[in-house]
Amino acid sequence: EKQKEYGLAGKHFTGCGQYHRALKLLLQAGEGEIDNLIEVVGIAKNDVLTHELIAYLMGERDGTPKSPKYIYKLYMALGNYHQ
């Protein structure tokens with residue numbers, strides 16, 4: 001984390017079960033970590049983390065909406081197949 005390798009640090013915190021910290025770090029890493037962000041939220045199944053990721057994917061954090069395929073992937077990771 002101190003070396004600004006946010007993606008690697010995020011993956012480490014995911015493995016430790018610290019999902020809030022992992023999400024924060026992976027968000028700092030940027031778009032290259034979207035699949036890992038989805039994985040973290042899918043594992044955590046936490047409403048707060050889910051809403052934070054949806055806000056990021058919709059562009060509320062940086063003004064740039066991400067591809068709709070990521071919302072689909074998120075719902076699949078959460079087991080929401082009917083939505």
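Visitor: What covers the buried residues of α2?
Guide: In this predicted model, the cover over the buried residues of α2 includes α1 (6-15), α3 and α4.

Visitor: Which residues of α2 are buried?
Guide: Helix α2 spans residues 19-29, and Ala22, Leu23, Leu25, Leu26 and Leu27 are buried in that helix.

Visitor: And what follows α2?
Guide: Gly30 follows α2, with a positive phi near 100°.

Visitor: Let's zoom out. How many helices and strands are there?
Guide: The chain has five helices and zero strands. Along the sequence the pattern reads α-α-α-α-α.

Visitor: How does the radius of gyration compare with the globule rule?
Guide: The radius of gyration is 12 Å, close to the 12 Å that the rule gives for 83 residues, so the chain is as compact as a globular protein of that length. Along the principal axes, the C-alpha atoms fill a box of roughly 40 × 25 × 20 Å.

Visitor: What share of the residues counts as buried?
Guide: Of the 83 residues, 39% count as buried.

Visitor: And what about contacts between residues far along the sequence, at least 24 apart?
Guide: Take the contacts between residues at least 6 apart in sequence: 39% of those join residues at least 24 apart.

Visitor: Now helix packing. At what angle do α3 and α5 pack?
Guide: Helix α3 (residues 34-44) and helix α5 (residues 68-78) pack at about 30°, and their axes are 8 Å apart. Angles under 35 degrees count as roughly parallel, and α3 and α5 are therefore roughly parallel to each other. Their crossing is right-handed.

Visitor: Which residues make that contact?
Guide: From α3 there are Ile34, Asp35, Ile38, Val41 and Gly42; from α5 there are Tyr70, Lys73, Leu74, Ala77 and Leu78. Sorted by class, the contact of α3 with α5 has seven nonpolar, one polar and two charged residues.

Visitor: Asp35 is on that list. Is Asp35 buried, exposed or partly exposed?
Guide: Asp35 is partly exposed, at a relative accessible area of 44%.

Visitor: What does Asp35 touch?
Guide: Not counting residues up to four places away in sequence, Asp35 touches Tyr70 and Lys73.

Visitor: How far is Asp35 from Gly10?
Guide: The two are 12 Å apart in space, C-alpha to C-alpha, and 25 residues apart in sequence.

Visitor: Switching pairs: are α4 and α5 roughly parallel or roughly antiparallel?
Guide: The axes of α4 and α5 cross at roughly 165° and come within 10 Å. The two helices are therefore roughly antiparallel to each other. The crossing of α4 past α5 is right-handed.

Visitor: Which residues meet there?
Guide: On the α4 side they are Thr50, Leu53, Ile54 and Leu57, and these meet Tyr70, Ile71, Leu74, Tyr75 and Leu78 in α5. By class, the contact of α4 with α5 has eight nonpolar, one polar and no charged residues.

Visitor: Back to Thr50. Where does Thr50 sit, and is Thr50 buried or exposed?
Guide: Thr50 lies in helix α4 (residues 47-57). Its relative accessibility is 10%, and Thr50 counts as buried because the cut-off for buried is under 20%.

Visitor: What is Thr50 in contact with?
Guide: Leaving aside neighbours within four places in sequence, Thr50 is in contact with Val41, Leu74 and Leu78. Val41 belongs to the α3 side of the contact between α3 and α5, while Leu74 and Leu78 belong to the α5 side.

Note on methods
Residues are numbered from 1 along each chain as its sequence is written. This is a predicted model: local features need pLDDT of at least 70, side-chain atom pairs count only at pLDDT 80 or more; totals for chains, interfaces and linings use all residues. Side-chain values use heavy atoms; hydrogens and water are left out. Axes are lines fitted to C-alpha atoms, for helices over the stretch in contact, and angles run from 0 to 180 degrees between N-to-C directions. Helices (H or I, at least four residues) and strands (E, at least two) are DSSP runs, numbered from the N terminus. Angles under 35 degrees count as roughly parallel, over 145 as roughly antiparallel, 65 to 115 as roughly perpendicular and the rest as oblique. A crossing is left-handed if the near helix is turned anticlockwise from the far one by less than a right angle, and right-handed if clockwise. Contact means heavy atoms within 4.5 Å. Ala, Val, Leu, Ile, Met, Phe, Trp, Tyr, Cys and Pro count as nonpolar, Asp, Glu, Lys and Arg as charged, and the others, Gly among them, as polar. Buried means under 20% relative accessible area, exposed over 50%, partly exposed in between (1.4 Å probe, protein chains only). The radius of gyration is taken over C-alpha atoms; the globule rule is 2.2 Å times the number of residues to the power 0.38.
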